[in-house]
Amino acid sequence: MVLAKNGKRVLLLMSPATYRAGAFVQAAQQLGLDAVVGLDLPETLAEYWHVPLGLEFANIRTSVQRIVEYAREKPFAAILSVDDSATELAAYANMALGLANNSPQASEAARDKLLMRQLMSAGGAPCPIFRNFWLYEDPAWIASQVTYPCVLKPRRLSGSRGVIRADNAAEFTAAFGRLKRLLVAEGASEHETSILVEDFIPGFEVALEGLLTDGHLKVLTLFDKPDPLDGPFFEETIYITPSRLPAQTQQEIADCVATAAASLGLRTGPVHAELRVNERGPWMLEIAGRSIGGLCSTILEFGSGMCLEELILRHAIGEEVATLEREEHAAGVMMIPIPGAGILKGVQGVEAAKAVPLITGVEITAQLNNQLVPLPEGASYLGFIFARGDTPTEVEAAIRQAHQCLHFEIRRGIPVLNQGSAK
């Protein structure tokens, strides 16, 4: 728990594996807030690990009761989910305590891609044509019902997990089987789980980071994604800001995100939106009721050196942030992709990558001797490369040069024969 200077206490909800814990806790320290961390852990494990507030995020009713009881000792000024894992729980808990919040229905829609698509379509936000299919249905039959190219999507996984493009029926059947295996491995029931199949939208991708206040969207920054994301998987790599798009296009993107947020009922707090842009304008892919993931936020500064997490916390406790603008320098980050499955045995070239002009940091987050799982099944990256400079073009070039310096030794797994009876 962070000792308070101004007497205000905030609850930060997060999963144990989140990248975001350090940034939010440090921001709370900077502001002098009393920050309580609520971890997604069963109560017995929380007690064993001496976690002040262990919560089972999937059990919203019980978790809200625990949060309300905890708040009796000293009220919370705000409750935030630092990643996707607890946005719905945060909404219910804020509502129970009378704090500013998005409605639980809006928070659910920002996590469930089917609800998101239904509400976006009804609310006028341009988005792909979509259909919903159950895991138990015959993939060969579904393949005959859809148009190509299309994209298969799980309804609730994040970070492009399980998102696969198919250009024909054979590719669709293979992708459906792969996605079904992933979801079943995650604990889904094929009779209770459905997936989306959407028309593939050609074009390039951008990401918008914003902050909502009473339904009004303030754009914090717009990221270009210079690498094409055309499938079959959609692994994100480089984010660059400020965007090099024309001002009119940037305004159209902001208007599209504002329409999408309103259609879902999102009214307060951070939003992270992903869009595709082509000759017909911007198209909404997704909008989340939280800030950008991973360590990507470290490249953003506002006002006189304020980080994104501090900005979000200031907003959550009711401070004025509308006049704060991102600093003028160009910045970029690369989420280092995993080239293939296997065991990470070594990393070379980190010092050489750090020595590239304009590179401000290289952080390898994958652990040696641990299994690497690439998309569409995987949920992490090898690490991150950060850069700052005068122009987006030179920042992008520096990141690509630094990436070329890195070499990862990955030992491919050795297949193990099934020792049971043949089937």
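About 700 Å³ of space lies in the second largest pocket of this predicted model. Its lining is made up of 40 residues. Those nearest the centre of the pocket are T268, G269, P270, H315 and A316. Several elements each give two or more residues to this lining. They are β4, α4, β9, β10, β12 (269-278) and α10 (308-316).

Two of these elements, β4 and α4, also appear in the description of a parallel sheet. Strands of a sheet pair through backbone hydrogen bonds, either parallel or antiparallel. Here, four strands form an open sheet, and their pairing is parallel. The order across the sheet is β3-β2-β1-β4. The edges are taken by β3 (53-55) and β4 (78-81). Each edge strand has a single partner, so one of its sides is left without a neighbour in the sheet. From one strand to the next, the twist averages 25°.

The pairing of β3 can be followed in detail. Its partner β2 covers residues 34-40, and the two strands pair in the parallel sense over three bridges. Within this pair, G38 stands opposite L53 of β3. Helix α4 (residues 87-97) lies across three strands of the sheet, namely β1 (9-14), β3 and β4. The angle between α4 and β4 is about 170°.

R290 was examined next. This residue sits in the loop between β13 (281-288) and β14 (301-302). Is R290 buried or exposed? The relative accessible area of R290 is 14%, so R290 counts as buried, the cut-off being under 20%. The side chain of R290 makes a polar contact of 3.1 Å with the side chain of D84. Neighbours within four places in sequence are set aside in the list of contacts that follows. R290 then touches S81, D83, D84 and T87. R290 is also in contact with E209, P270, V271 and H272. Two of the regions described above meet R290 here. S81 belongs to the edge strand β4, and T87 falls in helix α4. P270 is among the residues nearest the centre of the second largest pocket.

Enclosed space was considered separately. How many cavities of 30 Å³ or more does the model contain? The count is one. About 30 Å³ of space lies in the largest cavity. Its lining includes K225, P226, D227 and L229. The other lining residues are E235, E236, T237, I238 and Y239.

Some backbone features stand in loops. A cis peptide bond joins G231 to P232, with omega at about 10°. P232 is placed in the loop between β10 (216-224) and β11 (238-241). Another cis bond runs from L375 to P376, and its omega is near 10°. P376 is found in the loop between β19 (371-372) and β20 (383-389).

Positive phi values were also found. S160 is not a glycine, yet its phi is positive, at about 70°. The loop that holds S160 runs between β6 (150-154) and β7 (164-166). D214 is not a glycine either, and has a positive phi of about 50°. The place of D214 is the loop between β9 (204-213) and β10. Is D214 buried or exposed? With a relative accessible area of 63%, D214 is exposed, because the cut-off for that class is over 50%.

Note on methods: Residues are numbered from 1 along each chain as its sequence is written. This is a predicted model: local features need pLDDT of at least 70, side-chain atom pairs count only at pLDDT 80 or more; totals for chains, interfaces and linings use all residues. Side-chain values use heavy atoms; hydrogens and water are left out. Two strands pair if DSSP finds at least two bridges between them. Axes are lines fitted to C-alpha atoms, for helices over the stretch in contact, and angles run from 0 to 180 degrees between N-to-C directions. Contact means heavy atoms within 4.5 Å. Buried means under 20% relative accessible area, exposed over 50%, partly exposed in between (1.4 Å probe, protein chains only). A polar contact is a pair of N or O atoms within 3.5 Å; within protein, one must be able to donate a hydrogen and the other to accept it, and residues adjacent in sequence count only if both atoms are side-chain atoms. On a 1 Å grid over the protein atoms alone, a cavity is a set of points where a 1.4 Å probe fits but cannot get out, and a pocket is an open set with protein on both sides within 12 Å along at least five of seven lines; lining residues have an atom within 4 Å of a point. Grid points are joined across faces, edges and corners, and a volume is the space filled by probe spheres set on the points.
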